[in-house]
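Student: I would like a close look at one part of the model, followed by an account of the elements around it and elsewhere in the chain. Please proceed step by step.

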Amino acid sequence: MNKNKNLVVVGAQWGDEGKGRIIDLLSEKFDIVSRFQGGSNAGHTIIIKNKKIVLHHIPSGVLRNGKISVIGNGAVIDPDIIVDEIKALRKKGYKVTGKNLKISELAHLILPFHKLIDIGREIIKGKNAIGTTGRGIGPCYEDKISRQGIRFIDLSNKKILKDKLKMTLKEKNKILSLVFNQKKISINTLVDDLMKRFKFLKEFIVNTEDFLNKSVNQGKSILFEGAQGVMLDIDFGTYPFVTSSSTISSNASSGTGVPYKKFGKSIGISKAYATRVGHGPFPTEMIDDEGLALREFGDEYGATTGRPRRCGWLDLIALKHSVEICGLDEIILTKVDILSMFNNINVCVGYKYKSQKFKKFPMDNNIIDHVEPIYKTFKAWNNEDLKNKKLPSSLQSFIKYIEKFLNVKVSMISIGPEREQVIYL
Ligand code: IMP
């Protein structure tokens with residue numbers, strides 16, 4: 001058993017598993033919470049004393065006194081959104097300064113043309129669109145990989161920034177006007193806007209890999225907070241209906257610069273059912289009145305875009321895929337209370353396609369688009385019974401079955417949106 005105390009928490013489904021509130025809870029026991037990938041496409045919702053807080057960039061640890069939040073090099077950051085987020089937190093009474101929030105100088109900036117290209121491309125794709133959040137994530141990571149991105153470190157020298165952006169805009173403005181019928185972006189306006197943002201953000205921008213490694217060496221503990229979910233991973237998700245970053249546990253190392261041997265456990269968060277926003281395969285989707293009712297009862301609307309989420313039964317084949325790819329040590333099941341709306345609940349334990357049966361998630365779109373789920377049915381539970389010391393027997397059977405199927409312990413369940421509404425198992 002790995003004795004390192006640094007923990008990685010990832011979404012084990014298609015995102016929106018309730019990571020924010022769980023990380024907020026777990027962060028109590030850690031010194032630092034660090035993001036390692038994704039950007040403003042993420043929307044982590046935390047409810048404290050009936051007040052809803054939605055975070056896009058800033059790790060959920062920021063809500064706890066004395067904790068340090070870090071946004072690692074693997075993240076992409078929209079300077080407008082992060083400035084607004086910091087201001088909104090301060091307005092709500094949370095202290096956010098360079099002491100408790102650190103942004104990697106190597107993180108890439110999401111710029112206005114990234115958003116325009118993201119949205120324009122989706123329009124061109126029409127019915128084949130990915131259903132992105134429109135936050136410019138894909139185009140920003142593209143620029144990073146093609147070595148023409150702008151990083152926070154570039155903001156410290158206006159002249160060099162201007163030269164770099166001049167080169168980038170040569171290409172982007174052609175694309176914007178010729179392909180997407182958009183207005184060209186003025187270099188001077190863009191540079192001035194970025195300089196304004198830099199003035200505000202300067203106190204937060206540091207060498208985070210150095211900070212994190214020094215902290216680890218001093219015995220401090222880090223909770224690595226994943227965004228999106230394993231099924232949206234650029235390699236191991238339902239490509240091309242995925243996000244543009246690596247959402248799996250091991251990327252916590254590349255996305256922060258903390259060596260992989262310093263990592264301990266990895267926990268996956270899964271709802272007790274499944275949801276997905278955007279397009280792409282979703283074998284257990286309930287395209288019926290029950291699915292619509294689940295959406296309403298579970299309040300399944302996106303925290304970032306407000307889009308209605310597609311709802312379906314828990315898919316253990318997809319979850320097993322996440323367990324394997326991430327080497328998950330534990331699963332936390334969220335929104336267990338929501339399933340009490342049903343008399344019986346289904347769990348997918350295999351797929352059928354033509355005469356074939358699948359026990360592993362098929363990566364071939366020609367298959368996964370057409371599989372039929374094989375379900376095991378469980379009796380649901382009554383929410384009142386969740387208040388008892390002993391879990392209802394129907395819920396116990398449900399959890400035991402999941403543990404056996406995945407060969408992983410379910411270590412906690414959430415039974416309501418408030419911080420305290422969880423049961424440790
Ligand atoms: P992008 O990350 O905005 O490029 O969107 C790509 C896909 O990932 C789309 O299906 C989005 O709906 C989905 N996605 C991105 N971020 C999240 C998230 O935080 N939760 C759930 N789905 C997400």
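Is Q228 buried or exposed, and what is its relative accessible area?

Tutor: The model is a predicted one, and the values below are computed from its coordinates. Q228 is buried, with a relative accessible area of 8%, which falls under the 20% limit for that class. This residue belongs to the loop between β10 and α8. Its backbone deserves attention as well: phi of Q228 is near 55°, a positive value in a residue other than glycine. As a rule, most residues other than glycine have a negative phi, and most peptide bonds are trans. The loop between β10 and α8 (251-254) also contains P240, and the peptide bond joining Y239 to P240 is cis, with omega about 5°.

A second positive phi provides a useful comparison. N50, in the loop between β3 and β4 (51-55), has phi near 70° and is not a glycine. Here the side of the classification changes: N50 is exposed, with a relative accessible area of 70%, whereas Q228 is buried at 8%. I48 is part of strand β3 (residues 44-48). I48 is buried, at a relative accessible area of 14%. Leaving aside residues up to four places away in sequence, I48 is in contact with I53, L63, Y94, E418 and R419. Its C-alpha atom is separated by 19 Å from that of I338, a residue 290 positions away along the chain.

The strand β10 that precedes the loop of Q228 takes part in an open sheet of ten strands with mixed pairing, ordered β9-β7-β5-β2-β10-β1-β11-β15-β19-β20. The edges are β9 (205-206) and β20 (422-424); each has a single partner strand, so one side of each is left without a neighbour in the sheet. Within this sheet, strand β15 (residues 330-334) and strand β19 (residues 409-414) run parallel and are joined by four bridges, with I332 opposite M412 of β19. Helix α1 (residues 19-26) packs on the sheet, touching β1 (6-11), β2 (32-35), β10 (222-225), β11 (263-271), β15, β19 and β20. The direction of α1 makes about 165° with that of β1.

Another set of pairings is built around strand β16 (residues 344-353), in which eight of the ten residues are buried. Strand β14 (residues 314-315) pairs with β16 in the parallel sense over two bridges, and D315 stands opposite C348 of β16. Strand β18 (residues 372-379) runs antiparallel to β16, with eight bridges between them; one facing pair is N346 and T377 of β18. Strand β17 (residues 356-358) is likewise antiparallel to β16, through three bridges, and Y351 has F358 of β17 as its bridge partner. The hairpin of β16 and β17 has two residues between its strands, and K354 in this hairpin takes a positive phi near 50°.

C348, the partner of D315, leads to the question of cysteine bonding. C348 is buried, with a relative accessible area of 0%. The closest cysteine sulfur to that of C348 belongs to C311, and because the two are 16 Å apart, they are too far for a bond. The structure holds zero disulfides. C140 is another buried cysteine, at 1% relative accessibility.

Finally, there is a helix pair to describe. Two packed helices are described by the angle between their axes and the distance between the axes. The axes of helix α2 (residues 79-91) and helix α6 (residues 187-201) come within 10 Å and cross at roughly 40°, and the crossing is left-handed. On the α2 side the contact is made by P79, D80, I82, V83, I86, K87 and R90, and on the α6 side by L194, R197, F200 and L201. Sorted by class, these contact residues comprise seven nonpolar, no polar and four charged residues.

Notes
Residues numbered from 1 in each chain as written. Predicted model: local features only at pLDDT ≥ 70, side-chain atom pairs only at ≥ 80, totals over all residues. Heavy atoms only, no water. Disulfide = S-S within 2.5 Å. Buried < 20%, exposed > 50% of the residue type's maximum accessible area, 1.4 Å probe, protein only. Axes fitted to C-alpha atoms, helices over the stretch in contact; angles between N-to-C directions. Left-handed = near helix turned anticlockwise from the far one by under 90°. Contact = heavy atoms within 4.5 Å. Nonpolar A, V, L, I, M, F, W, Y, C, P; charged D, E, K, R; others polar. Pairing = 2+ DSSP bridges.
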